[in-house]
Amino acid sequence: MRLLCLAALLALYTLPAQAQPIPPVHSNPAIHPVPSILEKDGRHALLVDGKPFLILGGQAHNSSAWPAMLPKVWWAIEAMHANTLEVPIYWEQIEPSQGKFDLSLVDTLLTQARTHKVRLVLLWFATWKNGSNHYMPEWMKKEPSTYPNITGRDGETIDSPAPDVQATLDADTKAFAAVMRHLKVADPQRTVIMVQVENEPGSWNSVRNFSPGAQKAFEEAVPAELLKPSILSALQTPVTSAGKGGENARPGAGSWKEVFGDRADEYFQAWSIARFIGRVAAAGKAEYPLPMYVNAALRDPLTNPPATHYESGGPTDNVLTIWKTAAPAIDILAPDIYLSGTTRVLKVLDLYSQYGNPLFVPEAGLIPENAKYLYATLGNGGIGFSPFGIDDNTLSPAAPTSSHELAPDNDALHKSSPDEESLHKLTPYGDAYAALSPMMRDLAQWIFEDKVRAVIEPDDHTEQRIDFAGWQACVSFGKGRGYPLPGNTPPTGKLMIIQLSPNKFMITGTNCRITFHPLGKNAGKAWQYLKVEEGTYANGQFRAGRILNGDETDWGGPLFGDKPTILQATLM
Ligand code: DGJ
């Protein structure tokens with residue numbers, strides 16, 4: 001039945017084939033100021049229409065931002081109650097021949113996003129995509145001597161663009177500026193709230209560029225900006241007990257090798273790429289200053305592996321200060337969560353909250369376990385979260401037999417309903433977003449005010465505790481009523497809690513149980529619930545559907561099941 005309804009919804013999504021001309025909108029800049037990031041006392045809020053906003057997002061697959069593919073993207077966005085679609089825009093499509101820009105894709109996305117009442121984060125797939133140059137326009141790929149890739153240690157060509165080439169920088173800067181210039185005019189409503197500049201930049205298979213030009217720069221003195229004590233100490237203090245940031249490093253002026261020792265190759269690559277991308281971002285911001293971020297292909301945050309083990313030069317946790325220094329136009333360095341293990345992922349969230357960096361998770365593998373990291377991100381002060389690959393568009397549809405079949409209004413493509421597996425993958429995110437969406441603005445404000453905490457189920461399922469002024473919340477994981485709860489397999493339990501006033505909490509979660517203990521002057525004393533209500537929170541108000549009592553709160557409750565519910569609990 002549910003699938004039938006969703007198929008019916010999908011049928012409605014047969015949207016215009018071509019981008020409709022964007023009608024002029026006379027927006028009031030006071031109502032729709034340019035989105036921005038607000039910082040206060042190390043906490044952040046993404047301001048959209050002048051108020052804190054949380055990205056409850058979903059990211060489309062790489063090849064899904066084409067008119068024929070978009071119906072399935074909107075289907076997924078709707079099914080998961082997301083308020084933001086993260087979607088690529090492609091340099092190869094936007095500048096098919098040098099200097100000739102086609103921004104119809106941007107217009108299509110704007111029109112359709114407005115129809116669906118969601119915001120957009122545009123992903124500028126350009127010089128770097130997963131470390132390669134694959135989204136460069138054909139006219140560039142055909143001129144590898146003008147727009148070269150990097151050279152490996154033994155002189156081999158590596159599948160990764162060279163970050164020290166002015167022609168590439170000029171071309172990318174020009175194209176990105178054209179996109180932002182267009183957006184400024186086409187989007188007075190601020191449908192686009194943020195832009196990702198490039199995608200997972202860095203290089204696989206060579207830690208840096210060894211071309212003669214790059215080698216010369218490597219042997220020159222490290223730029224003075226990197227020689228500040230705070231940056232040096234961030235780059236060289238031990239990251240974990242397992243190793244150092246740069247063994248054999250010798251702080252002080254000198255070549256990269258002299259200053260940074262064994263980490264010099266990677267730091268040089270990070271500096272070169274960050275400077276390039278910082279310039280692209282600055283050129284875009286000069287046209288239209290939307291918040292901008294760069295996403296990171298992560299390294300293991302616990303073992304300080306050598307850069308040969310991951311994509312070198314991107315904003316990995318060990319080079320965040322290099323990126324912050326080299327690319328000030330980039331507001332956020334954002335981790336893509338594809339690592340596994342709760343401890344590891346929580347460590348990533350901590351590391352990307354350092355150095356004044358707003359926490360934002362633009363990608364996470366679309367598996368049920370990862371939905372708990374939405375809570376962990378928001379509990380850590382984050383501004384948003386998005387699983388990757390929400391739509392069902394990865395496989396080619398049946399091969400078209402004529403160009404007519406490629407037309408974007410092909411009914412077969414539009415109406416094919418996503419399969420149950422896709423629905424199953426979206427469900428944990430959809431359930432969480434459905435509960436949080438109606439309170440999104442208040443939640444963003446509470447996060448900014450440091451009132452929100454979250455705990456997630458660790459891999460060993462142990463009980464988690466959160467201390468508030470006057471109360472300790474104890475959260476155990478699993479289903480059922482037994483004590484202790486057995487844990488969930490996989491460990492999907494999660495709980496978010498907001499202290500509304502000293503004795504009043506709003507709580508939401510799944511597959512866990514919460515109880516409290518008095519702290520401070522009341523520690524060890526008896527306590528009880530004055531009232532526990534279950535309901536909804538919308539438009540700034542909690543509305544109770546029922547009062548929970550008796551078996552639903554006694555014996556160490558209340559309990560949360562598979563679907564997140566919202567409780568308001570007053571304690572005495
Ligand atoms: C991370 C990239 O940023 C995405 O564009 C996509 O390629 C995913 N990896 C695929 O898992």
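Strands here are DSSP runs of E with at least two residues, numbered from the N terminus. Keep in mind that this is a predicted model. Grab the structure and work through these.

**Exercise 1. Find the cis prolines**

Task: Which loop holds proline 490, and what is the peptide bond leading into proline 490 from threonine 489? Then do the same for proline 558.

Solution:
- Step 1. Look for strand 16 (471-477) and strand 17 (494-501); proline 490 sits in the loop between them.
- Step 2. Check the bond from threonine 489 to proline 490: omega is near -10 degrees, and the bond is cis.
- Step 3. Move on to the loop joining strand 21 (541-548) and strand 22 (559-560), where you'll find proline 558.
- Step 4. The bond from glycine 557 to proline 558 has omega near 5 degrees, and that bond is cis too.

**Exercise 2. Positive phi outside glycine**

Task: Aspartate 49 and asparagine 205 are worth a look for their backbone angles. Is aspartate 49 buried or exposed? And asparagine 205, buried or exposed?

Solution:
- Step 1. Start with aspartate 49, in the loop between strand 2 (43-48) and strand 3 (51-53). Its phi is near 55 degrees, a positive value in a residue that isn't glycine.
- Step 2. The cut-off for buried is under 20% relative accessible area. Aspartate 49 has 19%, so it counts as buried.
- Step 3. Now go to asparagine 205, between strand 9 and helix 7 (212-219). Phi is positive here as well, near 75 degrees, and again the residue is not glycine.
- Step 4. Exposed means over 50%. Asparagine 205 has 73% relative accessibility, so it is exposed.

**Exercise 3. Walk across the sheet**

Task: In what order do the 8 strands of the open sheet run, and which strands are at the edges?

Solution:
- Step 1. Trace the order 12-11-10-9-6-5-4-13; the pairing is parallel.
- Step 2. Go to the two ends. Strand 12 (363-364) and strand 13 (384-385) each pair on one side only, which makes them the edge strands.
- Step 3. Zoom in on one pair. Strand 4 (residues 55-59) runs parallel to strand 5 (residues 84-90), and the two share 3 bridges.
- Step 4. For a landmark, find glutamine 59, which stands opposite glutamate 86 in strand 5.

**Exercise 4. Chase the salt bridges**

Task: How many salt bridges does the structure hold? Where in the chain do the partners aspartate 187 and arginine 114 lie? Which residues are linked in a network with Asp450?

Solution:
- Step 1. The total is 21 salt bridges.
- Step 2. One of them joins the side chains of aspartate 187 and arginine 114, with N to O at 2.8 Å. Aspartate 187 is in the loop between helix 6 (166-186) and strand 9 (192-199), while arginine 114 belongs to helix 4 (residues 104-115); the pair links distant parts of the chain, 73 residues apart.
- Step 3. Check accessibility: aspartate 187 is buried at 0%, whereas arginine 114 is partly exposed at 22%.
- Step 4. Next, aspartate 450 bridges to arginine 453, with the closest N and O atoms 3.0 Å apart. Aspartate 450 is partly exposed at 34%, and arginine 453 is partly exposed at 27%.
- Step 5. Widen the view: Arg43 joins Asp450 and Arg453 in a network of salt bridges.
- Step 6. Finish with glutamate 449 and lysine 451, whose side chains meet at 2.9 Å, N to O. Glutamate 449 is partly exposed at 36%, and lysine 451 is partly exposed at 31%.

Methods:
Residues are numbered from 1 along each chain as its sequence is written. This is a predicted model: local features need pLDDT of at least 70, side-chain atom pairs count only at pLDDT 80 or more; totals for chains, interfaces and linings use all residues. Side-chain values use heavy atoms; hydrogens and water are left out. A salt bridge is a side-chain nitrogen of Lys or Arg within 4 Å of a carboxyl oxygen of Asp or Glu. Helices (H or I, at least four residues) and strands (E, at least two) are DSSP runs, numbered from the N terminus. Buried means under 20% relative accessible area, exposed over 50%, partly exposed in between (1.4 Å probe, protein chains only). Two strands pair if DSSP finds at least two bridges between them.
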